[in-house]
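Biologist: Please give a close account of a single part of this model, and explain each term as it arises.

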Amino acid sequence: MLVWNEWHPFLRRIVQGGGDIGDIARAIREHGTGQYIQAGRALRQEFGLPLADVLKIIAWAESNSGEDGLTRLRSEIQAPLG
């Protein structure tokens with residue numbers, strides 16, 4: 001589990017490695033248990049994502065939704081990461 005100050009570099013590495021919104025959402029699900037607020041804050045600060053998009057990502061990470069939900073998330077959030 002990541003702590004609050006590790007989210008920024010963690011998310012940045014995903015994007016620098018070619019990752020997209022889906023990769024970020026999956027990483028938050030895998031590493032963010034109990035830390036969704038910190039992950040969301042890092043998303044907003046690091047990439048300037050609108051709150052509505054951050055909430056969609058966090059909602060997917062907390063849900064039991066599978067690849068279909070991830071595909072929908074990728075299509076709904078078109079914000080450039082970089």
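**Arg12 and the helix around it**

Modeller: Arg12 counts as buried, because its relative accessibility is 18%; buried means under 20% relative accessible area, exposed over 50%, and partly exposed in between, with a 1.4 Å probe and protein chains only. The model is a predicted one, in which local features need pLDDT of at least 70 and side-chain atom pairs count only at pLDDT 80 or more, while totals for chains, interfaces and linings use all residues. Residues are numbered from 1 along each chain as its sequence is written, and side-chain values use heavy atoms, with hydrogens and water left out.

Arg12 belongs to helix H1, which covers residues 7-16. Helices (H or I, at least four residues) and strands (E, at least two) are DSSP runs, numbered from the N terminus. Apart from neighbours within four places in sequence, Arg12 is in contact with Glu46, Phe47 and Gly82; contact means heavy atoms within 4.5 Å.

Glu46 and Phe47 lead to helix H3, since both are among the H3 residues that meet H1. On the H1 side, Arg12 is joined in this meeting by Trp7, His8, Leu11 and Val15. Helix H3 spans residues 36-47, and its axis comes within 9 Å of that of H1, crossing at roughly 60°. The H1 and H3 helices are therefore oblique to each other. Axes are lines fitted to C-alpha atoms, for helices over the stretch in contact, and angles run from 0 to 180 degrees between N-to-C directions. Angles under 35 degrees count as roughly parallel, over 145 as roughly antiparallel, 65 to 115 as roughly perpendicular, and the rest as oblique. The crossing of H1 and H3 is right-handed: the near helix is turned clockwise from the far one by less than a right angle, whereas anticlockwise would be left-handed.

Helix H1 also holds Trp7 and Phe10, three residues apart, about one turn of the helix. These two residues bring us to the one aromatic pair of the structure. Their ring centres lie 5.7 Å apart and their planes stand at 80°, so the pair is edge-to-face. Rings of Phe, Tyr and Trp (its six-membered ring) pair if their centres lie within 6.5 Å; planes under 30 degrees apart count as stacked, over 60 as edge-to-face and the rest as tilted. Trp7 is buried at a relative accessible area of 0%, and Phe10 is buried at 15%.
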